[in-house]
Amino acid sequence: MIRIIKNEPLSKYTTYKVGGPAKYFIMPITSRELVEAILWAKREKISYEIIGFGSNVLFMDEGFDGVVISTALLNRWILDKKEVLVAGCGVGLIELVDFSINSGIAGFEKFAGIPGSVGGAVKMNAGAFGMEIKDILIDCLVYDIDKECFVTIKRENCLFSYRNAKGLKNKVILSASFVLRKGDIRELKKIKSDILIKRENKQPLEYASCGSVFKRPSGDYAGRLIEDAGLKGFSIGGAKVSEKHANFIVNCGNAKSRDILAIIDHVQSTVYEKFGILLEPEVKIIK
């Protein structure tokens, strides 16, 4: 039996630490509970959103007039099957990186410091430092919302592109299988350490944020365009464009969703006026 919470503040479940209450909130622990939650929402004709760790979403101050289903506690396990590494969707990418490195498994170390879940990382083809999830994924077990069944989807059928996977639309990631390649633990730890130092030096980790707000435009970088548009430090209310990394809009402690959204709009219009490039948000804005 699923536990349905009413009027749950969404600020508790997003890395931005903003967002009003969800009319209903469900956090399934098993795949059966997930399916029960989705079927309940469909049966009651209630709009719903499915989130992972909330590291790439922005909910509005008014909240969400429907049900938010969080997979943060769903299938929190990692299996080393000697030939493949299998992780449940609720495992944190940071946890998976640590597990793989300590087990002498290479291929995950460049994802060090990414705050999302395994499910979210696969869904959006997360990447960093020249690596993307698609580079090490074998397949994933999903729940197909439209067909109401479980199915395993191979990597090539996920239809991966930059921060997207068209083949996973209307599907909930339950677990993912990855290539298991042995590596030297000391070398892997060194790579992880170097990457974490780079992140600390270049990113405003001391503030709540969603990471990179905008996708990388073809042949350029969103951060460079925003900086050259003179927008570093631009603020509205309790939110501002980071002086450390221009593609980060941070919550200085008392930001509202409307502050962040207003900055996103201003950055888009300013960059377009100056360079003729319309930046596409990487963060998912849920209204």
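K192 is partly exposed, with 23% of its relative area accessible. In this predicted model, K192 makes a good starting point for a walk through the charged pairs. Side chains of opposite charge can pair when their charged atoms come close. K192 has such a partner in D98: the two form a salt bridge whose closest N and O atoms are 2.6 Å apart. Try finding both residues in the structure above. K192 belongs to helix α4, which covers residues 185–202, while D98 is part of helix α2, residues 93–102. With their positions 94 residues apart, the pair links distant parts of the chain. D98 has a relative accessibility of 27%, so D98 also counts as partly exposed.

Now move along to K215. Which residue forms a salt bridge with K215? The partner is E280, and here the closest N and O atoms lie 3.1 Å apart. This pair, too, links distant parts of the chain, 65 residues apart. K215 sits in the loop between α4 and α5 (222–228), and E280 is found in the loop between α6 (257–275) and β20 (284–286).

Is K215 buried or exposed? K215 counts as buried because its relative accessibility is 17%, and the cut-off for buried is under 20%. Its partner E280 has a relative accessible area of 46%, so E280 is partly exposed. This salt bridge therefore joins a buried lysine to a partly exposed glutamate.

Another pair to look for is E227 with K232. Their side chains meet in a salt bridge, at 3.6 Å from N to O. E227 counts as partly exposed because its relative accessibility is 41%. K232, at 31% relative accessible area, is partly exposed as well.

Some charged residues go beyond simple pairs. Salt bridges that share partners join E132, K134, D135, R163 and E282 into one network. How many salt bridges does the structure hold? The count is 18.

Let us finish with one member of that network, E132. This residue lies in strand β10, made up of residues 131–132. Its relative accessibility is 16%, so E132 counts as buried. What does E132 touch, once residues up to four places away in sequence are left out? The neighbours are F111, N125, A126, G127, Y162 and R163. One of these contacts, R163, is also named in the salt-bridge network with E132. Looking around E132 in the structure, you can pick out these neighbours by name, including F111 and Y162.

Note on methods. Residues numbered from 1 in each chain as written. Predicted model: local features only at pLDDT ≥ 70, side-chain atom pairs only at ≥ 80, totals over all residues. Heavy atoms only, no water. Helix = DSSP H or I, 4+ residues; strand = E, 2+ residues; numbered from the N terminus. Buried < 20%, exposed > 50% of the residue type's maximum accessible area, 1.4 Å probe, protein only. Contact = heavy atoms within 4.5 Å. Salt bridge = Lys/Arg side-chain N within 4 Å of Asp/Glu carboxyl O.
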